Protein chains: 2
Amino acid sequence: MQTYLDCIPCLCRQALDAARFATDDEAIHMQVLRRALTAAGEMDMRQSPPAMAQKMHRLIGELTGSHDPYAGVKAHGNEYALAMYPELSRRIAAANDPLAAGVRMAIAGNIIDFGATSSVEDATIASHIEAAWSAPLLGNSVDDLRAAVAGARDILYLGDNAGEIVFDRMLIEQLPAERITYAVKAFPVINDATRVDAEQAGLTALVEVIDNGSDAPGTVLETCSDAFRRRFAEADLIISKGQGNYESLSDSVGDIFFLLKVKCKVIAQDLDCEQGSLILKRSS
Amino acid sequence: MQTYLDCIPCLCRQALDAARFATDDEAIHMQVLRRALTAAGEMDMRQSPPAMAQKMHRLIGELTGSHDPYAGVKAHGNEYALAMYPELSRRIAAANDPLAAGVRMAIAGNIIDFGATSSVEDATIASHIEAAWSAPLLGNSVDDLRAAVAGARDILYLGDNAGEIVFDRMLIEQLPAERITYAVKAFPVINDATRVDAEQAGLTALVEVIDNGSDAPGTVLETCSDAFRRRFAEADLIISKGQGNYESLSDSVGDIFFLLKVKCKVIAQDLDCEQGSLILKRSS
């Protein structure tokens with residue numbers, strides 16, 4: 001997906017958020033915002049928003065000296081989601097269709113996204129998770145995913161955010177874990193999950209976890225490692241979580257199921273749905 | 001009030017909105033956004049947001065050739081509010097305290113603001129108006145306003161937006177109209193009311209209507225006419241409607257009652273209240 005004009009003010013807002021997570025120094029906040037405005041004005045709109053954001057967050061790292069401003073956010077996200085895990089797991093196991101329930105939880109967990117909005121309150125997470133048990137699921141059916149999984153030997157699951165990764169675990173527990181590789185970001189960016197989050201979420205004990213070699217808040221293949229790109233090309237099936245992965249992979253080849261919660265009007269327009277929708281969409 | 005860093009991405013979003021109202025030409029939207037980013041990066045943060053917005057919207061006028069992009073929005077706002085007028089007027093007249101009811105309607109009408117958000121749906125206006133009959137009114141009491149009005153010979157009422165101006169009429173009908181002068185913007189900017197809106201709203205038949213000589217979406221006194229500045233200085237009491245007037249006058253001298261609906265987190269922080277609050281606040 002290209003970057004839309006509406007993404008630009010949002011990226012500037014995101015830069016300011018990140019600066020504030022990185023430091024309390026207001027002079028640096030100002031400096032980051034000014035540099036972000038300049039960078040935004042020079043951007044190539046044919047690139048995807050995560051490719052733009054990647055450059056922006058590298059710049060913020062240079063200016064603030066902090067290369068993991070969302071470390072606290074990520075740890076809290078994991079803890080909060082892990083506290084919900086026992087009860088939600090029981091409900092998934094007791095559901096009529098545990099795979100469908102797992103899909104719903106994984107999509108709802110995508111609300112824990114500090115890129116799309118400045119902050120996500122615990123109460124917001126809880127209410128979105130609860131609503132997801134019965135909200136409409138748009139796009140393809142869970143049976144489409146079920147059939148694709150049954151026919152795939154090598155499934156690559158692209159993670160998105162810390163906290164959310166615990167909800168991915170709930171879905172993966174309803175899938176053939178031995179055929180799944182779970183990919184995280186190689187370096188911190190916003191609250192995207194890295195290996196340490198996969199460990200905290202209990203995913204490393206369940207599936208093979210790899211990193212994608214990149215620091216983009218999505219899967220910008222040109223900036224991923226050769227090893228990851230090979231895994232991506234070889235996978236029979238890709239399960240892609242979240243907006244950033246959708247934005248960066250919506251035009252890619254491969255059999256991809258996009259699972260995401262729609263958190264901004266640009267994605268709502270792109271997918272022709274309402275903001276807040278739960279999406280399970282197979283690439284065309 | 002100074003401009004906060006959070007205002008900057010919001011001003012860029014506002015510039016893009018205005019460009020889209022002005023023309024369907026996407027190349028011009030892009031050009032406006034790039035110029036807005038550059039202008040935003042060079043701004044003096046000690047100025048108020050309306051002073052910044054004024055420069056931004058002049059630039060948009062130059063680039064798009066449209067100097068009244070919100071003409072349709074304003075006409076619709078007036079029509080929609082006028083359709084609500086008969087029923088709401090009856091409810092105000094039948095209220096225990098008609099002045100308090102008029103104050104509530106005037107504040108709630110401030111939801112019709114295309115600066116703070118990209119668009120305002122009719123259903124949103126209706127629901128905010130209905131909620132305002134019983135929502136908490138923060139700041140000073142209506143009795144403070146009542147007493148100040150009783151003691152004032154010369155009251156200057158600073159209007160804000162088209163549509164909203166009909167709700168101002170409902171309040172003015174509960175005030176001594178012969179002592180009130182109503183001020184509108186001299187030139188179009190966003191959906192701020194000008195003389196034509198005062199005529200459509202029926203205000204010109206009720207009170208003296210003047211313009212402030214300016215094209216700022218607020219009351220940036222340095223850019224107002226000498227005549228208006230004299231009226232401002234001579235008024236015993238000023239009733240100031242909306243966020244833009246609050247942002248530009250919160251540090252001014254004079255006995256000012258600010259009536260507004262809080263529509264963004266910057267103003268919520270400045271006034272130490274929740275977004276969505278109804279404010280009646282006397283200047284200190």
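This is a friendly question-and-answer walk through a predicted model of two chains, A and B.

Q: What should I know about the numbering and the model before I start?
A: Residues count from 1 along each chain as its sequence is written, and chains are lettered from A and ligands numbered from 1 in the order in which they are written. This is a predicted model, in which local features need pLDDT of at least 70, side-chain atom pairs count only at pLDDT 80 or more, and totals for chains, interfaces and linings use all residues.

Q: How is chain A related to chain B?
A: Two copies of a chain are related by a rotation about an axis and a shift along it. Here a rotation of 180° with 0.0 Å of shift along its axis places chain A on chain B, with an RMSD of 0.0 Å (a least-squares fit on the C-alpha atoms of residues with pLDDT of at least 70 in both copies). The two copies are thus related as by a two-fold rotation axis.

Q: How many residues of each chain take part in the contact?
A: Two residues are in contact if their C-beta atoms, placed from the backbone, lie within 7 Å. Chain A gives 15 residues and chain B gives 15 residues. On the side of chain A that touches chain B, helices H1 (7-22) and H2 (26-41) of chain A each supply at least two residues (helices, H or I of at least four residues, and strands, E of at least two, are DSSP runs numbered from the N terminus). H2(A) brings the largest share, eight residues. By class, this side of chain A has nine nonpolar, three polar and three charged residues (Ala, Val, Leu, Ile, Met, Phe, Trp, Tyr, Cys and Pro count as nonpolar, Asp, Glu, Lys and Arg as charged, and the others, Gly among them, as polar). Since 100% of the interface residues of chain A are also interface residues in chain B, the copies meet through the same surface.

Q: In what order do the strands of the sheet in chain A stand?
A: Strands of a sheet pair through backbone hydrogen bonds, either parallel or antiparallel. In chain A, seven strands make an open sheet with the order S1-S7-S6-S5-S2-S3-S4 and mixed pairing (two strands pair if DSSP finds at least two bridges between them). At the edges, S1 (137-139) and S4 (208-211) of chain A each pair on one side only. S1(A) and S7 (residues 278-282) of chain A run parallel and are joined by three bridges; Leu137(A) has Leu278(A) as its bridge partner in S7(A).

Q: Which residues have the most contacts inside the largest nonpolar core?
A: A nonpolar core is a set of buried Ala, Val, Leu, Ile, Met, Phe, Trp, Tyr and Cys residues joined through C-beta atoms within 7 Å. The largest one has 168 residues, and those with the most contacts inside it are Cys12(A), Ala15(A), Cys12(B) and Ala15(B). Not counting residues up to four places away in sequence, Ala15(A) touches Val32(A), Leu33(A), Ala36(A), Met56(A) and Ile60(A).

Q: Is Glu26(A) buried or exposed?
A: A residue is buried if 20 or more other C-beta atoms lie within 10 Å of its own, exposed if 12 or fewer, and partly exposed in between, with C-beta atoms placed from the backbone. Glu26(A), which lies in helix H2 of chain A, is exposed, with 11 other C-beta atoms within 10 Å.
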